[in-house]
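Student: I would like to learn how to read the empty spaces and the helix packing in a model such as this one. Could we go through them feature by feature?

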Amino acid sequence: MAEEATPNEELPVKQQDNGDVVAAVGCCTSTKRFFLYDNHRRDVQAFYFNQFGRSILFISFMFLSLGVLEFANKQAGCPQNENGTYQNCDKKVYGMQASSILSLMAIIGGLSTSVFMPYAGAVVDYSDHRLGFGRFCAALLTLVNFVQIFIFENTWYAMVILQSIIAAATFMANSMVMWSYVSAPNDHDLHGITASGRVWETFGMLSFFVVVGGVQIGTGWGSISLARFSQALATGVGGINLFLAYTRYSPVKAVKVLEEGSNLYLAGLFELKNTMTSLNKNEPAAARFLLGSVFVEASISAFTNLAITYLSGQIEMTSTSITIFIVVVLACNPFGVIVHRSLSRKIGHKRSYVSCVGFTTIITALLIACVYTPDDDKIAFIFAILFGISFGWYYPCSNGFFVSLVPEEKVTELWGFNRYSMNYFKQALLSVIQQSSRFCSVILSWVPPMIFAALNESTGNLRIGLTGMIMFLSIGFVIALTIPSNNASARGNDPAGKDDVELAHADDQLAQ
């Protein structure tokens, strides 16, 4: 039986012996639809270029962090091991322990992004400058990465501030503009476009890790030289892809009218307030879910930042080993998607979601209990697999659970909450759900790193610092248990076919 062509896609044809002409769906066609679904549209091409470029500009932060840590430890005077790593010590640099520097970056980044998001969302929705705003943020993001090439002993702390304030805010703003352009005439095409976009996003991150990791192994460069190379590579490849993206977007008029006497920032804040009030009144189950996700996603989004510090300071892993650890986490995401698909259909969205949060809480506790000396470095890679499965499981199951809690006809009312492009296309339901969760993660994303830094500064123990993650996960778990599930959620059914939200991959959450 021939596969049907979607409205936006022409399939190749072939003529049978009896003269009938039928669609010919072969390997090449399927591969193209997987990577380049509906790519004849310029806005879809822009989406793919943006996904690939921004993922590279984001992931380069991992290598920059390792360079920052080395400079901080060296300037603080912490003892250095034979393998080039540094021991965690209580000596201060810029008024704090070296092991608290990355937490400081996460704290400032979370706060600056939270403050900037209402304004950025209002520019997208209430002004005619969406395209210009996106171009400016993409250019500034690329420029910051270029400047970070010049990380030296007397500039590394300035790079921390640049990354925390400007890079974090512009990355999020570019994402908001990107998702505001995502549209399709029907859900089927929307799933296809977002799926291909996720493929390019994932491919960008993994390929960047492979290239930079290969250069590190081949050259033997240390963390600082590797940080400079990664920023140079990210600037070139990521910047070019963002340029190609924004040459394909078209100007868009405002989708909402700014009230007289108001300004963009106030409009963004009031939109958030009104949406949350309406949500709590009309859909209390969904509101409770978002409350819980504030805690869960804040913890998960802090994982990468805190993990780099923990593996470097507590386990004294080399930068090469840490790179491999992160690659394993990303590579195991698809296995988590498989777990989600299996469990959500068998036990329902709520139980799958609760199980996932519980699983993540347990493995975080086990990491602290079992991996705390340099001799445990091999065991750490087992946890890389477990966390990779956990993150790959979490995002699709949380999105699927949220969708099941809200009637489809009411989802567009929640568009204002995700702050990306309110009331633009009803079919962009997946984007709404994904970005709503992303906004929740930003609200308190700075708290787990703050707890980590506070406990580390007061006790000098990185293991105790990680308990903040367990605290937030536990709060989210308890809240999740109290969420009433509707019939669709209980059965594991997928209203409007939204179970394909496995496309929401852990990459961006790592970014935040």
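Student: How is empty space found in general, and what is the volume of the second largest pocket?

Tutor: Rolling a probe the size of a water molecule over the atoms shows where empty space is left. On a 1 Å grid over the protein atoms alone, a pocket is an open set of points with protein on both sides within 12 Å along at least five of seven lines, whereas a cavity is a set where a 1.4 Å probe fits but cannot get out. Grid points are joined across faces, edges and corners, and a volume is the space filled by probe spheres set on the points. Here the second largest pocket has a volume of about 250 Å³, and of the 15 residues that line this pocket, Glu70, Gly84, Thr85, Ser223 and Ser319 are the closest to its centre; a lining residue has an atom within 4 Å of a point. This is a predicted model, in which local features need pLDDT of at least 70 and side-chain atom pairs count only at pLDDT 80 or more, while totals for chains, interfaces and linings use all residues. Residues are numbered from 1 along each chain as its sequence is written, and side-chain values use heavy atoms, with hydrogens and water left out.

Student: Which helices each supply at least two residues of the lining of the second largest pocket?

Tutor: They are α2 (42–76) and α11 (319–331), where helices are DSSP runs (H or I, at least four residues) numbered from the N terminus. The largest share, four residues, comes from α2. By class, the lining of this pocket holds five nonpolar, nine polar and one charged residue, with Ala, Val, Leu, Ile, Met, Phe, Trp, Tyr, Cys and Pro counted as nonpolar, Asp, Glu, Lys and Arg as charged, and the others, Gly among them, as polar.

Student: What lines the second largest cavity?

Tutor: The second largest cavity, with a volume of about 70 Å³, is lined by residues including Leu69, Asn73, Tyr86, Thr309 and Ser312. Helix α10 gives the most to this lining, with three residues, and the lining divides into three nonpolar, seven polar and no charged residues.

Student: At what angle do α2 and α10 pack?

Tutor: Two packed helices are described by the angle between their axes and the distance between the axes. Axes are lines fitted to C-alpha atoms, for helices over the stretch in contact, and angles run from 0 to 180 degrees between N-to-C directions. In this case α2 and α10 pack at an angle of about 40°, with their axes 11 Å apart, and α2 and α10 are therefore oblique to each other (under 35 degrees counts as roughly parallel, over 145 as roughly antiparallel, 65 to 115 as roughly perpendicular and the rest as oblique). The contact, meaning heavy atoms within 4.5 Å, joins Phe61, Met62, Ser65, Leu66 and Leu69 of α2 to Thr304, Asn305, Ile308, Thr309 and Ser312 of α10. By class, this contact of α2 with α10 has five nonpolar, five polar and no charged residues.

Student: At what angle do α3 and α10 cross?

Tutor: The axes of α3 (residues 101–126) and α10 (residues 303–313) come within 9 Å and cross at roughly 170°, which makes α3 roughly antiparallel to α10. Leu102, Ser103 and Ala106 of α3 meet Asn305, Leu306, Ile308 and Thr309 of α10.
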